[in-house]
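Student: I am new to this structure and would like a close look at a single part of it. Could you take me through one stretch of strands and helices in order, and tell me how far the prediction can be trusted there?

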Amino acid sequence: MDKQSQKAVESAEEATRLANFLKKVREAELEAGGPKTTAHTSAVGVPVEDTAKPKG
Amino acid sequence: MPLPLSLAEGHNVLRYPVFSTAPRILGRQLEEVRLKRLRTARAVLEDGQCPSDNASQGNWPELEFGCRVGSAVLEHRIKSAVLYADLKDTEKFDRVRSPANALPGYVVLGEMFPIAIAAANPNYLAANIGDSPAYLIGTEGVQEPTARQADCARQALHLLTNLVNPDLLQSMGTLVVVQERQLWDVANSWTTTSLKGTVYSDWSVEPAALGMRIVHEAAHLWLNDAFRATYFPGDIHFPSPWKGTLRPAYGFLHALFAFSLISQYCAAMLTSKLARGTAERFLQATLSEEIGKIRNAQQYAHEALSHIDSMVSATIAGVVEVALAGAHPIT
């Protein structure tokens, strides 16, 4: 196997490794029911909003 | 059975801590949920065939810090690994998955109540997980807390150690402080079920305010675990005085529970004279505002609670009752 072919094989193996990991994570997330967020934006004396989307 | 509680000399003594109504039988179910979470997280990380992993020997340093902290940080490492896998950055992918980097050096542990404390990097645009920004431990999104941030967090945790039934905090393992705010300014705090043990919160120089936000978000984490241990409420809606709209029972009950615990916390702080001056006025104003909304929500609470497990329902009802009763008699 020449160097280029070897590099291609390694690259494919790496891609498979990452893909397997992502698949495992997504399976675990699905089993957990998907993400839910509880967010709280507030100030005393002004309108309070619960479960608003916080600003990143 | 209320837990014993002691405060430093010179403070009034509370008969009941915040969240004194937690049933022990439900606590065991919650422990099973948390243990399953830890095992699932470990299994996910172990599967990636990382050459530097030492998983087969069971050498997971994060476990030394206990289930709460270890589990929360594991979830950050998984989300960080997902981020780097999507970017096809195998070097960073392997780094965040390595047990050697289980607890990054910049994480500070709370002393009275061990929680990993980290700070959001203000120069970093957080990735979104679901619909919430996520600053992930193990990425450039999180950095070492400043001395002021760490001090405020430690003081807030110290307050909670004195005032709150530790059961409420058992679902929380990580606190990520985000933006500094003035005490009376609008501030954000949030949790996501994608990072089940993490609380994100803005902070101010007043530990009493950060303590209040931790109580609020820890309540969400606890209730998420309680729903996970039993079942989620169905798709039925109720008017929410906090949002001013119809909300699903899930969100309605979350708000009722979390704001009732905030009220208990404020009452406990005021009764015990732990807050003075501006902080005292802040907590008094918060208590006054929230009690009014809890009373407003109470008319729908009975029906909403009928859609969930009886133990969880009894817990929420007890928390609401104590909050409305003024919470904390002085001995």
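Tutor: What follows looks at the last strands of chain B and the helices that come with them, after a word on confidence.

This is a predicted model, and it scores ipTM 0.74 and pTM 0.86. For chain B the mean pLDDT is 83, with 87% of its residues at 70 or more. Confidence is not even along the chain: among the elements of chain B, strand β3 (residues 127-129) of chain B has the lowest mean pLDDT, 76, whereas strand β9 (residues 237-240) of chain B has the highest, 95. Over residues 1-11 of chain B the pLDDT is below 50, and this stretch has 14 contacts in the model beyond near neighbours in sequence. Residues 48-65 of chain B also stay under 50, and for them the model has 32 contacts beyond four places in sequence. Where pLDDT is low, the predicted coordinates should not be read in detail.

We can therefore begin our close look at β9(B), the element of chain B with the highest mean pLDDT. This strand pairs with strand β10 (residues 245-248) of chain B in the antiparallel sense, over four bridges, and within that pairing P239(B) has L246(B) in β10(B) as its bridge partner. The two strands, β9(B) and β10(B), form a hairpin with four residues between them, and in the turn G244(B) has a positive phi of about 75 degrees.

Now to the pair of helices. Two packed helices are described by the angle between their axes and the distance between the axes. For helix α6 (residues 249-271) of chain B and helix α7 (residues 277-305) of chain B, the axes come within 8 Å and cross at roughly 145 degrees, and the crossing is left-handed. The residues of this contact divide into 17 nonpolar, four polar and three charged. On the side of α6(B) they include F252(B), L256(B), F259(B), I262(B) and M269(B), while those of α7(B) include L283(B), L287(B), I291(B), I294(B) and A301(B). Among the other members of the contact are S260(B) and S263(B) in α6(B), together with E280(B), E290(B) and K293(B) in α7(B).

For another hairpin in chain B, look at strand β1 (residues 108-109) of chain B and strand β2 (residues 116-120) of chain B, which pair in the antiparallel sense over two bridges and have six residues between them. In that pairing, A116(B) in β2(B) is the bridge partner of L109(B).

Note on methods: Residues are numbered from 1 along each chain as its sequence is written. Chains are lettered from A and ligands numbered from 1 in the order in which they are written. This is a predicted model: local features need pLDDT of at least 70, side-chain atom pairs count only at pLDDT 80 or more; totals for chains, interfaces and linings use all residues. pLDDT is the predictor's confidence in each residue, from 0 to 100. Two residues are in contact if their C-beta atoms, placed from the backbone, lie within 7 Å. Two strands pair if DSSP finds at least two bridges between them. Axes are lines fitted to C-alpha atoms, for helices over the stretch in contact, and angles run from 0 to 180 degrees between N-to-C directions. A crossing is left-handed if the near helix is turned anticlockwise from the far one by less than a right angle, and right-handed if clockwise. Ala, Val, Leu, Ile, Met, Phe, Trp, Tyr, Cys and Pro count as nonpolar, Asp, Glu, Lys and Arg as charged, and the others, Gly among them, as polar.
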